[in-house]
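Visitor: Before we begin, could you take me through the empty spaces and the ligand surroundings here, setting each value against its definition?

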Amino acid sequence: MRILVLGGDGYLGWPTALHLSDCGHEVAVADNCARRGYDHELGVDSLVPIESMQVRVDAWREVSGRSIEWYFGDLVDAGFTTEMIREFRPDTIVHFGEQRAAPYSMIDRAHAVYTQHNNVVGTLNVLFAIREVDPEIHLVKLGTMGEYGTPNIDIEEGWLDVEHNGRRDRVLFPKKPGSFYHLSKVHDSHNIEFACRVWGLRATDLNQGVVYGQETAQTVRDARLATRFDYDAVFGTVLNRFVIQAVLGHPLTVYGSGSQTRGLIDVRDTVECIRLASESPAVAGEFRVFNQMTESLSVAEIAKVVAGAFEGSASVEQLDNPRVEQAEHYYNVRHTGLVELGLQPHLLSETLIESLFRVAQRYRDRVDVAAMRPSVDWRAPSSPVRVRDDSAAQG
Ligand SMILES: NC(=O)c1ccc[n+]([C@@H]2O[C@H](COP(=O)([O-])OP(=O)(O)OC[C@H]3O[C@@H](n4cnc5c(N)ncnc54)[C@H](O)[C@@H]3O)[C@@H](O)[C@H]2O)c1
């Protein structure tokens, strides 16, 4: 199968491209390297050094004998997006290529506008390009569990059967997201569902939980194949940050009471979910939704797992929650679709959390401690984040 991975320079896009290539697919990646630009703007960096895309692609050819094509360009540029899809002619497009940090989208007006413009327009361009080039192409789009928020009812896989005033219908699950970033994903989901319903396109929306982990079977084959490891308060995910804090002997910083519960997934399961969804495409006209997570844990429980697995001692510090989110809430998510396709999850309790400690230990000298303190406040009109003057976000 020919698979085009959009956002292929990112934390998840790169290991996914390697996994798909290793499984025998013909893979191309596209990216405008905006993510590297956000690092520069915020004065942060991946804990694990990453190579340029050209070096990564060359290293993969050397290690595996397989080639990955590399397109540099912006999905917001409709001409670039359409011509790339016309040239590569994929069977499947895996779309990771968006601004993906909730705190980044909440910095100020410019960052909120940039996030929604980048994400919604980029996805619209992909939809129009598929319609123009080949409506048979299957779109596998990364959404997030954050689209749903924390409703007081069970979260279904995208759709909800409702009975109202004696009549029944099947509707998109009502969503109550918690940031302008998450809202951009909701807008994407609606646009994609519309394109499937009205143009007959086929799409799978993967509402993914918070991803943890840094190594996959392919990235460990050569240091030049490493993917990012983000731990800062804007782009870092919570488990990665706790691991670094434990290794440095710092308290694990829990926002608020820590009873906020979220869906999680191991990066090795993410790449496998993408393979499974790609190899069993949605049918024409179908907007298929899977909840791509393997377990739910509260932030306090995640801190407990990390502290328990760490060989030294690790304490927990509670910070005021800069986000506006419910502390105590119901959270029960259906996530059976990908397991039915064959996913065999790695659960956090059984996972090789030591591999994360090893990575953090190896690069501990690169840690910027100040970058881990929360800097974006959901209530503030403009947050005092460390944004460099020379590269303000567009919008
Ligand atoms: N990491 C997580 O925990 C997580 C959880 C849920 C969902 N997701 C979703 O998965 C996807 C990938 O996440 P990630 O953690 O790998 O993020 P990332 O920021 O590391 O990667 C995204 C990539 O997309 C590229 N990109 C952004 N805008 C682009 C544009 N206009 N044109 C071309 N490329 C563009 C960036 O340069 C970056 O390399 C995102 O859509 C994100 O919303 C991630």
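**Cavities and ligand shell**

Guide: The lining of the second largest cavity divides into 3 nonpolar, 4 polar and 2 charged residues, where Ala, Val, Leu, Ile, Met, Phe, Trp, Tyr, Cys and Pro count as nonpolar, Asp, Glu, Lys and Arg as charged, and the others, Gly among them, as polar. This is a predicted model, in which local features need pLDDT of at least 70 and side-chain atom pairs pLDDT 80 or more, while totals for chains, interfaces and linings use all residues. Residues are numbered from 1 along each chain, and side-chain values use heavy atoms, without hydrogens and water.

Visitor: What makes this second largest space a cavity?

Guide: On a 1 Å grid over the protein atoms alone, a cavity is a set of points where a 1.4 Å probe fits but cannot get out, and lining residues have an atom within 4 Å of a point. The second largest cavity has a volume of about 50 Å³, and its lining includes Lys175, His190 and Asp205.

Visitor: Which polar contacts does the ligand make with Asp31 and Tyr11?

Guide: A polar contact is a pair of N or O atoms within 3.5 Å. A polar side-chain atom of Asp31 lies 2.6 Å from a ligand oxygen atom, and a polar backbone atom of Tyr11 is 2.9 Å from a ligand oxygen atom, so both pairs meet the definition.

Visitor: How do you know how much of the ligand is covered?

Guide: Accessible areas come from the Shrake-Rupley method with a 1.4 Å probe, and the protein covers 98% of the 830 Å² that the ligand has on its own.

How values were computed:
On a 1 Å grid over the protein atoms alone, a cavity is a set of points where a 1.4 Å probe fits but cannot get out, and a pocket is an open set with protein on both sides within 12 Å along at least five of seven lines; lining residues have an atom within 4 Å of a point. Grid points are joined across faces, edges and corners, and a volume is the space filled by probe spheres set on the points. A polar contact is a pair of N or O atoms within 3.5 Å; within protein, one must be able to donate a hydrogen and the other to accept it, and residues adjacent in sequence count only if both atoms are side-chain atoms.
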